[in-house]
Amino acid sequence: MSNLEIGVAGIAIALTLIALRVPIGIALGLVSIIGISEMTSMRVAWGMISATPFDFAGTWELTAAPMFLFMGYLCTTTHMTQGLFHAMRLYLARLPGGLAVSSVMASAFFAAASGSSVATSAAMSRIAVPEMLKHNYDKGLATGTVAASGTLGSLIPPSVLLVLYGVYAQVSVGQLFMAGFIPGVLSALLYIAMIMVRTKLNPSLAGDADVRSTWDEKWDAFKNIWPLPLLIGSVLGGIFLGIFSPTEAGAVGTTIAALIAFARRTLTSAALREALIRTAVSTASIFIILIGSLFFTRFLAMSGVPAAFSELILGVSTETWWIILAVALIYLVLGMFIDSIGLLLLTLPLILPLVQGADLNLVWFGIIVVKLLEVGLVTPPIGLNVYVIKGALGKSVTLSEVFRGVSWFIVMDVVALLLIVLIPALSLYLPQKMF
């Protein structure tokens with residue numbers, strides 16, 4: 001077999017192993033080691049194994065990922081996110097579809113703090129969905145709102161996906177954070193607009209949720225959630241004003257979260273221990289996938305597959321619209337079956353050479369990729385967030401009801417994606433090659 005044939009066979013085997021539920025990092029690593037040993041020798045493969053993990057683990061920018069994870073887990077274990085939906089409900093319930101609008105806002109804050117779409121969906125499905133169902137909201141609207149809103153944390157910084165993309169693509173994480181903020185907020189606003197229009201045209205979707213509250217109740221609710229806006233504002237403000245780098249922001253955010261929790265007397269040894277354990281487990285999982293993807297990158301580079309793939313795509317057309325369309329199809333199809341981090345690191349070895357060959361701006365393209373990953377989390381037949389919500393709610397809703405509800409939000413995601421592609425200024429950084 002030629003090196004190119006070995007590379008193509010390696011991709012097919014890796015996808016098969018992932019479909020069989022072999023951990024992504026292990027699948028990529030095994031395929032890469034065997035593939036490199038076939039193309040060269042086992043000695044070369046072992047040399048890669050001995051050198052790559054240590055070189056990669058010393059990457060300074062990568063320290064932001066575990067620190068942001070730790071910050072998010074601290075917020076959860078010390079109850080900073082507690083009462084978030086209740087507060088949004090009091091402030092926004094008078095709007096058409098107020099409880100669903102409140103869910104979008106609460107999920108956006110929660111996702112920004114935790115950096116995890118799945119964690120946000122799991123938490124909000126137990127808090128917001130039962131409240132909406134109690135007020136006779138349409139089951140599709142209630143569950144679809146939470147499933148889609150959980151994905152907002154992928155773009156609204158601090159985002160672990162943006163950190164990983166920045167490290168892998170060797171672009172500024174700070175620029176990615178600034179570029180992702182407006183598209184993330186835009187997505188949330190499109191969700192809210194769609195909810196308000198639908199419930200205004202069809203009031204039965206929003207049931208009987210006439211929530212009345214006094215200013216004293218609103219103030220009491222705000223006193224329970226003020227730490228979260230303060231924390232997120234401090235981290236983003238420090239990055240945008242250049243006070244500290246995105247890499248340092250993870251440590252700063254963790255410190256602020258710990259100080260707030262200490263001041264509120266919720267920083268117990270049990271909460272700290274749980275946050276540390278969760279961070280260690282998540283970091284180990286991410287690093288294993290990252291190291292496996294680095295092995296896979298070297299394997300594919302030696303096989304010549306990225307160059308052949310780029311020639312295949314660019315041979316059809318070198319226009320930006322065609323490249324974006326081809327990449328979108330890849331992510332939308334694979335996003336139905338593979339989680340966001342795994343899919344990102346699985347595809348970047350193939351996609352980045354194509355984008356660099358087309359001379360596209362990597363920051364702008366990174367925002368498009370992360371938005372596509374968001375859509376994959378709710379796309380049938382296997383939208384991970386949808387199954388998380390179904391698992392949390394059990395028999396009270398059906399999968400068809402959740403997918404029916406989330407379809408409206410997928411339409412809004414497509415609108416947001418088109419705006420990001422057609423108006424690159426939304427991401428603050430114009431691409432080097434325009435239409």
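Let me start with one residue, Ser-149, which is buried with a relative accessible area of 0%, where buried means under 20% relative accessible area, exposed means over 50%, and partly exposed is what lies in between, with a 1.4 Å probe and protein chains only. Before going on, I should say that this is a predicted model, in which local features need pLDDT of at least 70 and side-chain atom pairs count only at pLDDT 80 or more, while totals for chains, interfaces and linings use all residues. Residues are numbered from 1 along each chain as its sequence is written, and side-chain values use heavy atoms, with hydrogens and water left out.

Ser-149 is found in helix α8; helices here are DSSP runs of H or I with at least four residues, strands are runs of E with at least two, and both are numbered from the N terminus. What is Ser-149 in contact with, leaving aside its neighbours within four places in sequence? The partners are Ser-103, Val-104, Ser-107 and Tyr-191, contact being heavy atoms within 4.5 Å.

From α8 we can step back into the loop between α7 and α8, which is the place of Asn-136. Asn-136 has a phi near 65°, a positive value in a residue other than glycine, and with a relative accessible area of 48% this residue is partly exposed. Most residues other than glycine have a negative phi. A second case is Gln-170, again not a glycine, with a positive phi of about 60°; Gln-170 sits in the loop between α9, residues 160-169, and α10, and at a relative accessible area of 74% Gln-170 is exposed.

Now to the salt bridges. The structure holds four of them, a salt bridge being a side-chain nitrogen of Lys or Arg within 4 Å of a carboxyl oxygen of Asp or Glu. One of these returns us to the loop that holds Asn-136, for Asp-138 forms a salt bridge with Arg-404, their closest N and O atoms being 3.5 Å apart. That pair links distant parts of the chain, 266 residues apart, with Arg-404 in helix α20, residues 399-422, and Asp-138 in the loop between α7, residues 117-134, and α8, residues 139-149. Arg-404 is partly exposed, with a relative accessible area of 41%.

Another salt bridge joins the side chains of Arg-278 and Glu-274, at 2.6 Å from N to O. These two residues are four apart in helix α14, residues 269-303, and so are separated by about one helical turn. Arg-278 is partly exposed at 33% relative accessibility, and Glu-274 is partly exposed too, with a relative accessible area of 34%.

Are the partners Glu-374 and Lys-371, which meet in a salt bridge at 3.0 Å from N to O, buried or exposed? Glu-374 is buried, with a relative accessible area of 1%, and Lys-371 counts as buried at 0% relative accessibility. Salt bridges that share partners join Lys-371, Glu-374 and Asp-413 into one network. Within helix α18, residues 362-376, Glu-374 and Lys-371 lie three residues apart, about one turn of the helix.

Let me finish with helix packing. Two packed helices are described by the angle between their axes and the distance between the axes. Here the axes are lines fitted to C-alpha atoms, for helices over the stretch in contact, and the angles run from 0 to 180 degrees between N-to-C directions.

Helix α10, residues 173-201, and helix α12, residues 227-240, pack at an angle of about 120°, with their axes 10 Å apart. The two helices are therefore oblique to each other, given that angles under 35 degrees count as roughly parallel, over 145 as roughly antiparallel, 65 to 115 as roughly perpendicular and the rest as oblique. In this pair, Phe-177, Met-178 and Phe-181 of α10 meet Leu-236, Ile-239 and Phe-240 of α12. By class, that contact has six nonpolar, no polar and no charged residues, where Ala, Val, Leu, Ile, Met, Phe, Trp, Tyr, Cys and Pro count as nonpolar, Asp, Glu, Lys and Arg as charged, and the others, Gly among them, as polar.

The second pair is α16, residues 320-334, and α17, residues 340-357, whose axes come within 11 Å and cross at roughly 165°. Helices α16 and α17 are therefore roughly antiparallel to each other. Their contact is made by Ile-323, Val-327, Ile-330, Tyr-331 and Leu-334 of α16 with Leu-343, Thr-347, Leu-348, Ile-351 and Leu-354 of α17, and by class it has nine nonpolar, one polar and no charged residues.
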